[in-house]
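Reader: I have a structure on my bench screen and would love a close look at a single part of it. Could you walk me through that part and whatever connects to it?

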Amino acid sequence: MNMNTQIVVRCFSIGLIAAAFLGPKVYAADPADSVRTQTVKFEDLSINAQAGAAALYQRIHQAAKQVCEQPGADQRDLKAMQMQQSCIVRAESRAVDNVHSGALSAYYQMTLGRPYAVSAQNNVSAQNNVK
């Protein structure tokens, strides 16, 4: 090998060794960046009734607010407020989907101001604006 090839090979080797040592530090997730969660219990509720679905939604909403809270954030910072609100909506949506309750889903859609499609007894889809 000529001198230039040796220099390139050595630089490449040093780069690979450095990447092996620095890689885990660069790509490791910071514990502060991990997804925060909160468990919402609802064994005491009849979530198939509108009152139970409403009560569960309130619990989910409060948990989402706590999980998405940005401690020390300036309340006048519009971008931070929008990010927090977006986080709340995503957290609520995931929680509602995970419960697998038509009544809760309908109630949640109503809080968003959207009609919710429900399935009638004869399995014909109908639009139902839950009020």
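Author: Happy to! Let's begin with helix H4, where Leu 104, Ser 105, Ala 106, Tyr 107, Tyr 108 and Gln 109 are buried. Please keep in mind that this is a predicted model. Helix H4 covers residues 102-111, and just after H4 comes Gly 113, with a positive phi of about 80°.

Two of those buried residues deserve a slower look, Tyr 107 and Tyr 108. Tyr 107 has a relative accessibility of 14% and therefore counts as buried, the cut-off being under 20%. Tyr 108 is buried too, with a relative accessible area of 4%.

What do Tyr 107 and Tyr 108 form together with Tyr 57? The three make up one aromatic cluster. The structure holds two aromatic pairs, and we can take them in turn. In one of them, Tyr 57 meets Tyr 107 at 5.8 Å centre to centre, and with 55° between the planes the pair is tilted. Tyr 57 sits in helix H2 and Tyr 107 in helix H4, 50 residues apart, and the pair thus links distant parts of the chain. Tyr 57 itself is at 8% relative accessibility, so this ring's residue counts as buried.

The pair of Tyr 57 with Tyr 108 is also tilted, with 5.9 Å centre to centre and 45° between the planes. Here again distant parts of the chain are linked, since Tyr 57 belongs to helix H2 and Tyr 108 to helix H4, 51 residues apart. Tyr 57 is thus a partner of Tyr 107 and of Tyr 108.

Following Tyr 57 into helix H2 brings us to another contact. Which residue forms a salt bridge with Arg 59? The partner is Asp 44, and the closest N and O atoms are 2.9 Å apart. Asp 44 lies in the loop between helix H1 (3-27) and helix H2 (50-68), while Arg 59 is in helix H2, so this pair ties together parts that are 15 residues apart in sequence. As background, side chains of opposite charge can pair when their charged atoms come close. The count for the structure comes to one salt bridge.

How accessible are the two partners, Asp 44 and Arg 59? Asp 44 has 56% relative accessibility and counts as exposed, because the cut-off for that is over 50%. Arg 59, at 30% relative accessibility, counts as partly exposed.

To put the picture together: helix H2 contributes Tyr 57 to the pairs with Tyr 107 and Tyr 108 of helix H4, and it also holds Arg 59, the salt-bridge partner of Asp 44 in the loop.

Definitions and conventions:
Residues numbered from 1 in each chain as written. Predicted model: local features only at pLDDT ≥ 70, side-chain atom pairs only at ≥ 80, totals over all residues. Heavy atoms only, no water. Salt bridge = Lys/Arg side-chain N within 4 Å of Asp/Glu carboxyl O. Helix = DSSP H or I, 4+ residues; strand = E, 2+ residues; numbered from the N terminus. Buried < 20%, exposed > 50% of the residue type's maximum accessible area, 1.4 Å probe, protein only. Phe/Tyr/Trp six-rings, centres within 6.5 Å; stacked < 30°, edge-to-face > 60°.
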